[in-house]
Amino acid sequence: MSRRLNIVVTGLSLSSSWGNGHATTYRSLLKGLHANGHDVLFLERDVPWYADNRDLAAPDFCHLEYYRSLDEFGAFLPEIREADAVIVGSFVPEGVAVIDRIRAMNPPLLCFYDIDTPVTMARLEAGEEDYLAHRQVPYFDLYLSFAGGRLLELLENRYGARRAVPLYCSVDPALYFPTGEEIRWDFGYLGTYSPDRQPALERLLIEPARRLPEKRFVVAGPQYPADIDWPANVERIEHLPPSAHASFYSRSRFTLNITRADMAAAGFSPSVRIFEAAACATPIISDRWPGLGALLPEDEAVLIADTPEDVVQTLTQLPGDVRRRVAGSARERVLAGHTAVARANELARHIETLSETRMRSERAPMRHARAVRSGGQPL
């Protein structure tokens, strides 16, 4: 095991998965860090919409503390000073002010974990700086990105990031696995309503449901407008806590993955739902985006759909043995490289590498001074 790290994370939410994908991402990563022997303090802004919908108020894998204002946030500055690394996540309320306050404390390592990289970059281009300012990107020793590919070079070359690396989401195999329950739905989707995802949901689930009235469909997630014309064979579930996700996937013959528009355009931006469904051995029908094949090869570990006809054909014609083979391949790939422990190992290696580099750079002037005082050559 690597040395024990003391890490402070400030993120959107850990306690509530209501209406956001951040909580499950943080839970998986922090559980992995805990399993590897590291200590984590998670700081969460206490806001009503999460406080009223908490499904993990007291995690056993980290210390969770709440603050209601920037003044209350200041109470945790001693922990920030003593941490080996401080990580600020995307969409933290008053994030710009939080980052400035943390930077003023000069922690050993300051990192940004962007769970919304393409969205963040689109906001910066539009001059929207609610949780990260353009001027702050070079502040971070490490920019951890949910998106890989060309966005990493863009972060460094255009925005001035010192070092940008991918840190994708992950899955906890102890929570996501095939439950063995009977199939209830032929095709399901789990996700919060998003205007930029809705056209794809219309195309790849709602329209196929209209064409296949004998099949059973389901959409689980909050905030969908009341005026959506759901077909009679589409069941709606307002919210599913993470504890119910494995059951949901296991009872679906197929599950749909839809990527937000900015992330699909950027590519190399897998959602946590892909890893969760794969771990549950539920075959995935996904929209198309660059980089998906590097994660799950098409027709080997994932099925791609561009049109309603593609979905209808898969639901009605794909043999059962092919469906099981695709699901098994996806599960094998995800468990081999995208678990909570694997992702935590990646993060710890990044932190330790940067810490060692900084220590060497700090020791170099001391060696130089000793050599000069002794009349020798600088080392």
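Two strands count as paired if DSSP finds at least two bridges between them. I wrote that down before opening the model, which is a predicted one.

**Entry 1: the six-stranded sheet**

With that rule in hand, I looked up an open sheet of six strands and noted its order as β10-β9-β8-β11-β12-β13. The pairing in this sheet is parallel. Which strands stand at the edges? They are β10 (234-237) and β13 (303-304). Each has a single partner strand, so one side of each is left without a neighbour in the sheet.

Next I picked one pair of strands from the sheet. β8 (residues 185-190) and β9 (residues 217-220) run in the parallel sense and share four bridges. I followed one residue across: Y189 has V219 in β9 as its bridge partner. Then I checked what α8 does here, and found that this helix packs on the sheet. α8 touches β8, β9, β10 and β11 (252-257). Its direction makes about 140 degrees with that of β9.

**Entry 2: α8 and its helix neighbour**

I stayed with α8 (residues 198-211) and looked at α13 (residues 308-317). Their axes come within 8 Å and cross at roughly 60 degrees. The two helices are therefore oblique to each other. I also noted the hand of this crossing of α8 and α13, which is right-handed.

Which residues make the contact? From α8 I listed R203, L204, E207, P208 and R211, and from α13 P308, E309, V311 and V312. Sorted by class, the contact of α8 with α13 has five nonpolar residues, four charged ones and no polar ones.

**Entry 3: the seven-stranded sheet**

I then turned to an open sheet of seven strands, with the order β3-β2-β1-β4-β5-β6-β7. Its pairing is parallel. The edge strands are β3 (63-67) and β7 (164-166), and each of them pairs on one side only. Neighbouring strands of this sheet are turned by 20 degrees against each other on average, if direction is ignored.

For a closer look I chose β1 (residues 6-11) and β4 (residues 85-89), which pair in the parallel sense over four bridges. What is the bridge partner of V9 in β4? I found I87 there.

**Entry 4: aromatic rings**

I went looking for aromatic pairs, and the count comes to 13. One of them is formed by Y26 and Y113, with 6.2 Å from centre to centre and 80 degrees between the planes. Planes over 60 degrees apart count as edge-to-face, and this pair is edge-to-face. Y26 lies in helix α1 (residues 22-35) and Y113 in strand β5 (residues 110-114), so the pair ties together parts that are 87 residues apart in sequence.

**Entry 5: α11 with α14**

Back to helices. The axes of α11 (residues 272-279) and α14 (residues 320-337) come within 8 Å and cross at roughly 115 degrees. That makes α11 roughly perpendicular to α14. The crossing of α11 and α14 is left-handed.

I listed the residues that meet: F275, A278 and A279 on the α11 side, and A327, A330, R331, V334 and L335 on the α14 side. By class, I noted seven nonpolar residues, one charged and no polar in the contact of α11 with α14.

**Entry 6: α6 with α7**

My last pair was α6 (residues 117-125) and α7 (residues 150-157). They pack at an angle of about 40 degrees, and their axes are 11 Å apart. Are they parallel or oblique? The angle makes α6 oblique to α7. The crossing of α6 and α7 is left-handed.

T117, P118 and M121 of α6 make this contact with L151, L154 and L155 of α7. I sorted the residues of the contact of α6 with α7 into five nonpolar, one polar and no charged.

Definitions and conventions. Residues numbered from 1 in each chain as written. Predicted model: local features only at pLDDT ≥ 70, side-chain atom pairs only at ≥ 80, totals over all residues. Heavy atoms only, no water. Axes fitted to C-alpha atoms, helices over the stretch in contact; angles between N-to-C directions. Parallel < 35°, antiparallel > 145°, perpendicular 65-115°, else oblique. Left-handed = near helix turned anticlockwise from the far one by under 90°. Contact = heavy atoms within 4.5 Å. Nonpolar A, V, L, I, M, F, W, Y, C, P; charged D, E, K, R; others polar. Phe/Tyr/Trp six-rings, centres within 6.5 Å; stacked < 30°, edge-to-face > 60°.
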